[in-house]
Amino acid sequence: MNTHYQPGQHVFFDGAAGSDKICATATTALSGHLVGIYTSIRSSSYTSVYGKVITATGAMPPSFLVPEVTDNYQKDADIATIEGTDDFAVVWTSNATGKYLVYIRLFRVTANGKVVPVSLSQQLTENNGDYMAPRVVYLSEQKVYLVLWVSVTTREIQFKYVSYDETSDTFNDETYTTVLDDTVASDYFTSALDISNNASLSLCLINVATRVVAAIKRSASEIGLYEFTSPLAGKILQYKLPVYSVANISKFDICFDTDGYIKIVYVQTGTSQVYGDNIPYFGVKHLSQVAGEPVQLNQLNHGCGRPVIVAERFIAPPALSADATPVSYHVSWETASYGCFYNKFTADFIATGGEEYINSSDSSSDSPRLGVTDNQVAVLFNATKNGTVTLAGSEGILIDVYDIS
């Protein structure tokens with residue numbers, strides 16, 4: 001779909017108290033409305049999860065609260081869009097009960113751009129927390145959501161499928177809560193965890209047709225890749241894919257290539273360039289299980305961090321369908337001194353142009369997120385200044401929009 005977001009850089013959200021942090025972005029599957037989910041200080045005591053939409057026509061309706069209950073600390077939200085609609089689901093963690101628990105809520109963008117809640121907030125985890133870093137994807141064929149989180153108390157990665165019942169306006173379990181059958185890095189198991197803002201840990205979920213692939217750090221040099229089947233008789237079958245090994249790997253992100261590769265972008269601990277690599281996805285088209293040579297993506301040689309990657313056509317049609325052929329991949333990352341950067345790449349991680357400097361006068365610009373439609377790419381990021389103008393509380397969220405061909 002073609003969209004008409006306002007080109008150039010401008011303010012996405014700038015709260016009076018500051019401490020505004022982008023968590024996740026997505027574009028709705030039907031119209032291409034851009035949704036940004038973020039956290040902001042609600043009062044002196046609480047940080048709440050909010051959302052804001054830029055419609056496909058470029059309108060910017062007011063922000064909305066994601067949960068109904070706001071008098072507690074909320075963080076680390078994620079979003080999944082629903083194919084064929086302008087609906088989206090948000091998951092987050094909240095300490096409303098004194099323990100961090102995971103919640104989900106469904107929203108819809110109406111024809112006039114207003115965001116309305118479709119459901120109430122619903123708890124997905126048990127009460128004996130803490131449960132951190134929830135992530136969500138939607139499988140359109142089965143009409144189910146896979147939600148994954150970190151259980152600090154039991155030191156496990158847990159996940160389950162849920163579906164939404166429009167008649168009762170509730171999410172129903174389609175499977176039991178399942179525990180990942182592997183050992184992951186111990187850094188995940190803390191109630192201070194905030195994956196959305198963490199500079200060294202990632203936890204990724206991607207939709208691969210009727211299955212889900214997760215990427216989780218196992219150690220300082222290993223990324224574990226896992227495949228989860230769609231729900232079957234209340235169960236999820238899980239399969240370990242070959243481990244991806246890189247010395248001192250830090251923040252990373254993944255997406256899916258319909259030629260049968262998992263694409264990964266990453267940085268290493270310390271002063272690092274940003275790299276891209278293709279990992280053969282077992283059982284699709286490739287017999288080889290060996291990843292190719294990593295490619296340096298940044299043209300300005302400088303310390304980089306928190307890269308993200310999105311396929312140009314990542315919404316519809318579903319992955320692996322005959323028409324799903326991403327023509328390019330969009331990557332953004334932060335730097336230590338020159339703000340954020342963005343560039344577009346081929347499937348082999350060949351840059352298709354010069355990289356774009358984003359808010360380079362603000363060295364504190366960081367943690368970019370990407371939203372991509374047929375004709376535009378939007379980069380949302382944290383910043384302290386918009387150009388030379390200081391944001392309220394010295395921290396807000398900016399957006400930079402480019403037209404793409």
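**Entry 1: strands and helices**

I started with the secondary structure and counted 32 strands and zero helices in the chain. A reminder to myself: this is a predicted model, and every value below is computed from it.

**Entry 2: overall form**

Next I looked up the radius of gyration, which is 19 Å for the chain. The globule rule gives 22 Å for 405 residues, and the two values are close, so the chain is as compact as a globular protein of that length. I also noted the extent of the C-alpha trace: about 55 × 50 × 40 Å along its principal axes.

**Entry 3: inside and outside**

How many of the 405 residues count as buried? I found 58% of them in that class. For the outer face, I noted about 15,500 Å² of exposed area, with carbon and sulfur atoms supplying 49% of it.

I then turned to contacts with a separation of 6 or more, and 53% of these join residues 24 or more positions apart.

**Entry 4: charges**

I tallied the charged side chains and got 25 positive and 41 negative. The centres of the two sets lie 4 Å apart.

**Entry 5: aromatic pairs**

My search of the whole structure turned up 17 aromatic pairs. I picked two of them for a closer look.

One of the pairs is Phe12 with Tyr38, and I logged it as edge-to-face, with 6.4 Å from centre to centre and 85° between the planes. Phe12 sits in strand E1 (residues 8–13) and Tyr38 in strand E3 (residues 34–41), so this pair ties together parts that are 26 residues apart in sequence. Are these two residues buried or exposed? Both Phe12 and Tyr38 turn out to be buried.

Another pair I opened is Tyr244 with Tyr266, which is also edge-to-face, at 6.2 Å between centres and 65° between planes. Where do its two residues lie? I found Tyr244 in strand E19 (residues 238–245) and Tyr266 in strand E21 (residues 261–268), 22 residues apart, and the pair links distant parts of the chain.

I checked the burial of each partner too. Tyr244 has 5% relative accessibility, so I file Tyr244 as buried. Tyr266 has a relative accessible area of 3%, so Tyr266 goes down as buried as well; the cut-off for that class is under 20%.

**Entry 6: a ring cluster**

Last, I went back to Phe12 and Tyr38 to see which other rings join them. Ring pairs link Phe12, Phe13, Tyr38 and Tyr50 into a cluster. I have marked these four residues for display in the viewer.

Note on methods: Residues are numbered from 1 along each chain as its sequence is written. This is a predicted model: local features need pLDDT of at least 70, side-chain atom pairs count only at pLDDT 80 or more; totals for chains, interfaces and linings use all residues. Side-chain values use heavy atoms; hydrogens and water are left out. Helices (H or I, at least four residues) and strands (E, at least two) are DSSP runs, numbered from the N terminus. The radius of gyration is taken over C-alpha atoms; the globule rule is 2.2 Å times the number of residues to the power 0.38. Buried means under 20% relative accessible area, exposed over 50%, partly exposed in between (1.4 Å probe, protein chains only). Contact means heavy atoms within 4.5 Å. Accessible areas come from the Shrake-Rupley method with a 1.4 Å probe; for residues, only the protein chains shown count as cover. Lys and Arg count as positive and Asp and Glu as negative; His and the chain ends are not counted. The place of a charge is taken as NZ of Lys, CZ of Arg, CG of Asp or CD of Glu. Rings of Phe, Tyr and Trp (its six-membered ring) pair if their centres lie within 6.5 Å; planes under 30 degrees apart count as stacked, over 60 as edge-to-face and the rest as tilted.
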